[in-house]
Amino acid sequence: MKAFLLKKIENVSATSLLVACSLPAASRLWKNGLTEPVGLFSDLGVAVLFYTLARCCPPWLRAPLVLIWAFFQAAAIELFSALQRLPSWYDLHYLTDPDFVSASVDGFRFSSPWLVGLLMASALLVAVKPVHRWGYRPLVLGLVVAFSLLLGQGMASNWYDEQPVAARYNGLHWFVEDALSEVLGQEVGPMTEEELPAGLRQFDLAGTPLLAGQGQAKNVLIIVLEGISGLYHPEMRQAMGVRTDELTMDSLAASTADGMLIPDFAVASHQTIRGLYSMLCGDYSKLSYQTPKAFELLQNTFRAKECLPAQMAARGWSTHFLQASGLQFMAKDKVMETIGFQKVLGSEWFTEANPFPFEWGVIDDVFFKGARHYINNLRKKRAPWMLTLLTVGTHQPYGVTDEAAERYTTRKIASVAELDRVVGRFIDRLRRDGVLKDTLVIITSDESHGSDLADWISSWGLGIVLAPEKQQLPRIKAGGYGLVDLTASVLDYLGLAVPPSVIGRSFFRDYDQPRDMLSFTASKLRCLTGGKRYECTDNGNCRVGKAASILGDPPQDFHRDSKEDNRRIFAIARTLDNKLLTQPSTKVLRFAKGEVRRLPEKIGSEWAENLVGAQYLDFPAQSTVHVSVRVKAVKAPSSGINLNLLIKEWDMDSHDIPFDNFPILHAGEEGKVEFSFYNPRARQSFSFFLVGEGKNGMVKLEDFTVTIDQNRS
């Protein structure tokens, strides 16, 4: 009987392993049938490979290996649901960030709870009584089958590369291929900036003005809606020829019925900090997943002064940034100050509590109530102002109640419906308050969370303009525009000079000539240049066809392009990516300016309680990095304050750089940590964490400077 039971348990373990490995393929078949055969080959090839390796590895290793598989596949499912793209090599700092992941899966509200639940349950059952280990022959047979499937997938993928990446790849397969492309791929050198098409290196105000003279508004309000694309606006959807029964934001449409709509409106990339950089600094965010340009501004103060808030602050406007989430993640507190915002506030500013828990910050309803109050206070001062608002409720896991979510197809759509309700009401109340009489309002988005209708929707942003001169503006603004044009447009409207480093066109002009534009979303590099649209993937393959826009379905004459033209497209992208790096060889990044931080009594999470935003830095090969940190204890218990500087690479603790950490600090004492290290090879996703604890403790961050010298070792 005992042997019989053990055999049954072994069968459960073997079946669970098979289920865990085959679930991605089964899910694709369930959702799409046989419409994605290339992706099915990828799912099956990876599943056979992983199943074979798991069966042939020691039983003690099998369970953690299968858990890693399950966690990765679940993360890929959730990322695709949120942004319609698969994980890439540069996503490691998100996928292994406990703070980010805990906020994203708050309450375990997954987009596919049954699939994620089955993955995790089957992975755990594998450990109950591991089945016997396979020998040499099954290993060889399994590897042959797996590599045959993957080889077939590779050939078919190259042939059908006009299809979305997610239709051709399993998440883990794409992650590995993307990493290998980064390490082994042939690097395409950038061209000189002078070789770029004119529209990608200078602003274009040659169009015919829509307004007679400068605009009448004295204030500027930029409303940034997290992840929202033009897909949700009924008139924009119609203008772009998109037919779907997807939710429409009818309240937003009604409240902006007298506004100018820009249907053909592109975002250049995923990630909020990149979208904010593009719109506020008049430049393309990086067309890759490398260190955001916003971080590079921290040591390029000359370029930072050319960003929109700095330009307006220098001319007498008071400049304000208010977001619904915390500021320290991705160093937004430092970046926003650097580009010229005089007041930078996050979720800590709001006094009204959320009616239900939401890990990321204040829900949209609470946010817009607070924003209206903030605007009323600005108006009392009677001085011109610029305010940028950033919501967070439509970020996964989405700021809605379970009851509200049940009324819609997905939680994401439910959160969009909630945002529609509150932002429409907010705009109506601004109109009633008289704000729109003297304020230029631009409603846009930081990125697009995409749609399964088509992968190009990941590049489709939101562009709505409300201005006092509404009679002079068209309802539908023809032509292609994007986040990159926002800075030039506001400066043009106000009659202010556009700094030489700012690029883009003005929303308030009509242009006869076609333009150049790029985006990098859903793992595809898109480029519109010379009346042609290119779509390229990391393997260097591009397709091209005649097109008037970077958005919309692929051109009818889409065909594989020559390698020489492909290299030019990648060279353009690399040149734009490296624009801010043509500086002296020594770079100085400062992450502290005397801020006072309150310490927890005990450290709960080094991620959530990190005192600085020195995260995800890249250091070139043969560079020397010097770190200088100086902290003063403002308040401390009698036992003193414990401070600890941590070093992480790809979000994993690194212990190969020796330095002396902080001593115990008592009230009034100052502690300093200073050290240097050499990088024989390039380092990426390198982070410094400063954490501390002490009952009622407070510290002043007097200095946190990272200096990168590329000339000496």
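**Exercise 1.** Explain why Cys 21 and Cys 56 are left without a bond to their closest cysteine sulfur.

*Solution.*
Step 1. A disulfide is defined here as a pair of cysteine sulfur atoms within 2.5 Å.
Step 2. For Cys 21, the closest cysteine sulfur belongs to Cys 57 and lies 11 Å away, so the distance is too far for a bond.
Step 3. For Cys 56, the closest cysteine sulfur is also in Cys 57, at 8.0 Å, which is again too far for a bond.
Step 4. Check the burial of each residue, where buried means under 20% relative accessible area, exposed over 50%, and partly exposed in between (1.4 Å probe, protein chains only). Cys 21 has 2% relative accessibility and therefore counts as buried. Cys 56 has a relative accessible area of 12%, so Cys 56 is buried too.

The model is predicted: local features need pLDDT of at least 70, side-chain atom pairs count only at pLDDT 80 or more, and totals for chains, interfaces and linings use all residues. Residues are numbered from 1 along each chain as its sequence is written, and side-chain values use heavy atoms, with hydrogens and water left out.

**Exercise 2.** Find the disulfides and describe each one.

*Solution.*
Step 1. The structure has 2 disulfides. With the bonded cysteines of the protein chain numbered in sequence order, they pair 1-2, 3-4.
Step 2. One of them joins Cys 281 to Cys 307, with the sulfur atoms 2.1 Å apart. This pair links distant parts of the chain, 26 residues apart: Cys 281 is in helix 12 (residues 272-281), and Cys 307 is in the loop between helix 14 (301-304) and helix 15 (308-314). Helices (H or I, at least four residues) and strands (E, at least two) are DSSP runs, numbered from the N terminus.
Step 3. The S-S torsion of Cys 281 and Cys 307 is about 100°, so this disulfide is right-handed. Both cysteines are buried.
Step 4. Cys 536 and Cys 542 form a disulfide with their sulfur atoms 2.0 Å apart. Their S-S torsion is about 110°, so this disulfide is right-handed. Cys 536 is buried, at 1% relative accessible area, and Cys 542 is buried at 1%.

**Exercise 3.** Work out the strand order of the open sheet and identify its edges.

*Solution.*
Step 1. Two strands pair if DSSP finds at least two bridges between them.
Step 2. The open sheet consists of 4 strands in the order 21-26-23-24, with antiparallel pairing.
Step 3. Strand 21 (617-619) and strand 24 (652-653) are the edge strands, since each pairs on one side only.
Step 4. Strand 23 (residues 642-649) runs antiparallel to strand 24 and is joined to it by 2 bridges. Glu 649 has Met 652, in strand 24, as its bridge partner.
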